[in-house]
Amino acid sequence: MKSLKLIYVAAFSATALFSACVSEGEDPGVEYAPDMYVSKGYEPYSQVADQERSITFQGETYLINKDGKTMREPVEGTIARGKLDFIFNYAPGDVDEKERAGRELSNPLPLTQANLEAGRRHYNINCAPCHGDKGLGDGLVGQKYPKGLVPSYTTDRIHNLKDGSLYYVVTHGWNMMGAYGKMINPTERWQVVHYINYLEQN
Ligand code: HEC
């Protein structure tokens with residue numbers, strides 16, 4: 001009889017113990033080390049405030065998240081999937097490198113109406129303000145430069161640049177001209193090269 005009582009007590013306490021842990025309705029129940037379930041929701045593009053937290057390991061103290069960034073930077077040299085053509089192994093601002101690009105690279109895009117149209121579009125957005133609609137170096141911004149600084153595409157200076165060198169100039173910029181490699185993607189740059197050739201002849 002006594003042992004039956006004991007069993008009752010044990011069963012009751014076990015139920016009580018477990019039911020206390022179970023979440024239900026508004027009650028989250030008892031959680032052990034809740035950090036493990038509920039992680040802190042950092043905004044990816046924000047700086048975190050508690051970057052001062054540190055851990056000490058073998059006598060050395062390390063700041064957790066020293067730079068306070070929530071998102072990590074990719075490992076140096078990382079190339080996003082499908083972006084291999086963004087690699088451009090020619091040093092900027094070097095006439096030999098510009099010529100090497102001219103020798104080694106050729107336009108991978110066929111000269112089609114569609115590529116020329118796209119080239120015109122990107123040219124009009126990015127280049128025409130200085131180089132002018134027709135590439136004569138007379139865009140509204142171009143006119144503010146000392147006379148003759150923005151070259152006309154009808155000159156020998158441009159005729160002598162091979163497609164690869166034009167691509168180099170668009171990607172890295174040249175002397176007084178800024179770089180467009182971060183503004184327009186490789187396909188668009190080659191389309192612009194087609195369009196420069198078109199302007200040179202027309
Ligand atoms: C803000 C004005 C400006 C814009 C925009 C601009 N350029 Fe230029 N560009 C210049 C100037 C200035 C030069 C002359 C640079 C020098 O020699 O100092 C130049 C030079 C060039 C040259 C000749 C480079 C050489 O090696 O002689 C080419 C080709 C060229 N630009 C193409 C482009 C193309 C294509 C775009 C658009 C993607 C563009 N530029 C946008 C100002 C501009």
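The following exchange examines a predicted model of a protein chain with a ligand.

Trainee: Which conventions apply to the numbering and to the confidence of this model?
Mentor: Residues are numbered from 1 along each chain as its sequence is written. The model is predicted, so that local features need pLDDT of at least 70, totals for chains, interfaces and linings use all residues, and side-chain atom pairs count only at pLDDT 80 or more.

Trainee: In what order do the elements of the protein chain run from the N terminus?
Mentor: Helices (H or I, at least four residues) and strands (E, at least two) are DSSP runs, numbered from the N terminus. The secondary structure comes to 7 helices and 2 strands. From the N terminus on, the order is α-β-β-α-α-α-α-α-α.

Trainee: In which sense do strands β1 and β2 pair?
Mentor: Two strands pair if DSSP finds at least two bridges between them. A hairpin is formed by β1 and β2, with 2 residues between them, and Q58 in the turn has a positive phi of about 50°. S54 stands opposite L63 in β2. Over 4 bridges, residues 54-57 of β1 and residues 60-63 of β2 pair in the antiparallel sense.

Trainee: Which element gives the largest share of the largest nonpolar core?
Mentor: Such a core is a set of buried Ala, Val, Leu, Ile, Met, Phe, Trp, Tyr and Cys residues joined through C-beta atoms within 7 Å. The largest one has 20 residues, and those with the most contacts inside it are L166, Y167, V192, V193 and I196. At least two residues each come from α6 and α7. The largest share, 6 residues, is supplied by α7.

Trainee: Which residues come nearest to the ligand?
Mentor: A residue is near a molecule if its C-beta atom, placed from the backbone, lies within 6 Å of it. By class, the shell has 19 nonpolar (Ala, Val, Leu, Ile, Met, Phe, Trp, Tyr, Cys and Pro), 1 charged (Asp, Glu, Lys and Arg) and 3 polar residues (the others, Gly among them). Of the 23 residues around the ligand, the nearest are C127, C130, N175, M176 and M177.

Trainee: Is N160 buried or exposed?
Mentor: The place of N160 is in the loop between α5 and α6. A residue is buried if 20 or more other C-beta atoms, placed from the backbone, lie within 10 Å of its own, exposed if 12 or fewer, and partly exposed in between. Because N160 has 9 other C-beta atoms within 10 Å, N160 is exposed.
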